[in-house]
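Please open the model in a viewer and keep the sequence panel at hand. The tour below proposes selections one after another and states what is found at each.

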Amino acid sequence: MAGAIIENMSTKKLVIVGVILLLFQAFAFMVGGLIAPSPTTAVHYLATKCVDTIKHREETKWFMPWGPDQCDKIRTFDEAMAKKIEANNIVFAVHIPLPNKEMSPWFQFMLVILQFDIAFKMYNQIEDGALVTIDVGLAYRDDTVSEWTEMAHSFEQRKLSCNFTTAKTYENEGRYYECDLMPFMEVGSVAHKYYLLNIRLPVNERKKVNVGIGEIKDIRFVGIHQNGGFTKVWFAMKTFLTPSILIIMIWYWRRITLMSRPPVLLEKVIFALGISMTFINIPVEWFSIGFNWTWMLLFGDIRQGIFYSMLLSFWIIFCGEHLMDQTERNRFSVYWKQVGPIVFGSFCLFIFDMCERGVQLTNPFYSIWASDVGTELAMAFIIVAGICACLYFLFLCFMVFQVFRNISGKRTSLPAMSKARRLHYEGLIFRFKFLMLVTLTCAAMTVIFFIISQVNEGHWHWGDHTVQVNSAFFTGIYGMWNLYVFAIMFLYAPSHKRYGDEQSSGQCITGDAGANSGEDIQLTTTITHVDGPTEIYKMTGKEAQE
């Protein structure tokens with residue numbers, strides 16, 4: 001009787017397939033390491049201090065820091081005091097990008113980080129828990145002569161987290177505090193060439209607005225965006241891999257439907273994994289080049305979350321279906337205790353993402369890290385997510401260990417077989433053990449990628465050293481997922497080849513090595529025999545419930 005391709009394909013052909021997949025994996029890493037630039041670029045900006053001389057202005061005026069329409073500028077606040085300019089009339093202006101450069105839709109997103117330069121003064125120190133109130137406006141235009149169009153406007157608060165490392169004495173006046181970076185703005189698309197930020201720090205002593213925040217000297221920004229070169233390489237990979245996975249998925253399901261019995265659980269889960277891989281592959285990002293779709297970041301997170309939950313659930317079921325124990329499997333309900341927490345965790349990820357990027361669709365200046373509660377919640381979430389990912393991997397290692405132990409237990413029946421059949425089944429056992437090790441390696445890389453991605457996304461908010469994730473890691477892991485899904489669908493598709501027809505009266509791997517069964521043994525749970533379940537189910541006493 002026929003089994004899966006992994007059981008019946010010759011060793012020579014399997015080695016060839018493995019070498020080809022390995023070469024593609026190496027190519028995926030090399031694409032990121034040798035062709036693509038680093039994923040993101042950070043550009044530093046210093047805000048220009050402009051003077052708004054008109055009080056009670058009815059329409060919004062935008063202040064340009066340089067160019068033909070540049071504003072009236074002052075260099076220091078001492079100059080403002082000498083000219084009797086009030087703090088409420090000072091506008092900090094930042095033009096993105098720098099002079100003689102343009103932004104591009106290929107940059108995909110724009111993240112802006114804020115940092116204050118605050119000088120120490122004995123009579124004007126930073127109070128504990130000081131909050132900075134920011135009146136900020138964002139505008140855009142696509143050429144250097146047209147008027148600015150408002151994109152967003154908001155009043156935001158950011159908590160100052162500054163340390164003064166030397167003694168607070170008169171001799172040290174003028175030295176600067178060491179202040180943490182603060183999240184300021186995130187835009188989900190870069191559809192325009194030029195952006196302008198106008199920021200005011202309104203002072204109201206009666207309402208205690210911007211009081212006790214020290215003597216602010218300058219405002220610095222770090223603008224982070226995706227590199228256009230990396231975006232093109234990323235889009236090219238998606239465009240190439242989408243039809244590859246789609247074709248193998250259609251071919252796989254066609255082979256499943258040609259059989260005379262309904263598909264078993266493992267076959268359904270493999271097909272679902274192929275669908276989720278295709279969903280994350282489809283290069284809808286191409287549309288972001290021509291359309292101002294600010295929701296693309298959120299949509300990308302949702303797609304990745306669906307794929308993560310499907311991949312993690314697949315590995316649990318995949319290992320479970322290879323456990324040759326006495327448990328009746330082939331039903332999804334058997335795995336609800338393992339899959340349930342994965343689904344719940346994915347839902348929590350979605351809620352957390354909606355709390356920040358969902359709100360940013362209407363207010364790009366919103367950040368969950370801006371408040372103490374939000375910061376603690378976000379930090380706790382990242383730590384818990386990392387711990388859960390590690391626990392999941394340890395549990396998966398335990399399941400793979402059980403699979404190895406149970407498969408090895410069947411080796412006691414091999415010595416009683418003929419040499420040809422013994423070599424055949426030893427080869428099968430080796431193939432399944434090797435595939436389990438590949439699965440474990442893929443899972444380890446995925447967990448590492450998930451943790452580093454979470455840390456890297458939050459490093460600006462922590463104020464610590466950044467974790468550099470280069471392009472090779474991104475393209476390599478993405479290529480690994482596709483190659484793994486491709487290999488699973490290929491190897492677990494029903495085979496048309498039959499092994500051992502001439503040995504149909506041979507012995508099976510059962511508790512009784514001397515019993516004649518008239519059937520071959522399969523270590524997979526795929527069922528291709530018309531009359532009933534596979535030998536693996538007969539052997540372990542857990543027939544499939546269809």
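Burial is graded by relative accessible area: buried means under 20%, exposed over 50%, and partly exposed in between, with a 1.4 Å probe and protein chains only. This is a predicted model, in which local features need pLDDT of at least 70 and side-chain atom pairs count only at pLDDT 80 or more, while totals for chains, interfaces and linings use all residues. Residues are numbered from 1 along each chain as its sequence is written, and side-chain values use heavy atoms, with hydrogens and water left out.

**The whole protein**

Begin with a cartoon view, which shows eleven helices and 14 strands; helices (H or I, at least four residues) and strands (E, at least two) are DSSP runs, numbered from the N terminus. Of the 546 residues, 50% count as buried. The protein exposes about 26500 Å², and carbon and sulfur atoms supply 61% of that area. Accessible areas come from the Shrake-Rupley method with a 1.4 Å probe, and for residues only the protein chains shown count as cover. A contact means heavy atoms within 4.5 Å. Among the contacts with a separation of 6 or more, 79% are between residues 24 or more positions apart.

**A nonpolar surface patch**

Select I16, I20, F24 and F240, which form a nonpolar patch on the surface with about 400 Å² of accessible area together. Patches are made of residues with over 30% relative accessible area and no salt bridge, like charges being joined within 9 Å and nonpolar side chains (Val, Leu, Ile, Met, Phe, Trp, Tyr) within 5 Å. Helix 2 (residues 11-35) gives the most to this patch, with three residues. F24 lies in helix 2 and counts as partly exposed because its relative accessibility is 41%.

**A pocket and a cavity**

Remain at helix 2 and select G18, L21, F434, L435 and V438; of the 26 residues that line the second largest pocket, these lie nearest its centre. The elements that give two or more residues to its lining are helix 2, helix 9 (419-462) and helix 10. Helix 2 gives the most, with ten residues. About 820 Å³ of space lies in this pocket.

On a 1 Å grid over the protein atoms alone, a cavity is a set of points where a 1.4 Å probe fits but cannot get out, and a pocket is an open set with protein on both sides within 12 Å along at least five of seven lines; lining residues have an atom within 4 Å of a point. Grid points are joined across faces, edges and corners, and a volume is the space filled by probe spheres set on the points.

The structure holds three cavities of 30 Å³ or more. For the second largest cavity, with about 40 Å³ of space, select its lining: P105, Q108, G188, S189, V190, S288, W293 and M296.

**Backbone details**

Keep Q108 selected. Where does Q108 lie? Its place is in the loop between strand 5 and strand 6. Its phi is near 70°, a positive value in a residue other than glycine. Q108 counts as buried because its relative accessibility is 13%. Move next to P97, in the loop between strand 5 (90-96) and strand 6 (110-119). The peptide bond from I96 to P97 is cis, with omega near 10°. Most residues other than glycine have a negative phi, and most peptide bonds are trans.

**Helix 10 and helix 5**

Select N482 in helix 10 (residues 471-491). Is N482 buried or exposed? N482 is buried, because its relative accessible area is 2%. Leaving aside neighbours within four places in sequence, N482 is in contact with L241, I245, M277 and N281.

Then choose S276, which lies in helix 5. S276 and V485 are 209 residues apart in sequence, and their C-alpha atoms are 10.0 Å apart in space. S276 touches F307 and M310, not counting residues up to four places away in sequence.

**Salt bridges**

The last selections concern salt bridges, each a side-chain nitrogen of Lys or Arg within 4 Å of a carboxyl oxygen of Asp or Glu. The structure holds eleven of them. Display E285 and K238, whose side chains meet in one (3.7 Å, N to O). This pair links distant parts of the chain, 47 residues apart: E285 is in the loop between helix 5 (265-281) and helix 6 (296-320), and K238 is in helix 4 (residues 228-257). E285 is buried, and so is K238. Finally, select E186, D301 and R357, which salt bridges with shared partners join into one network.
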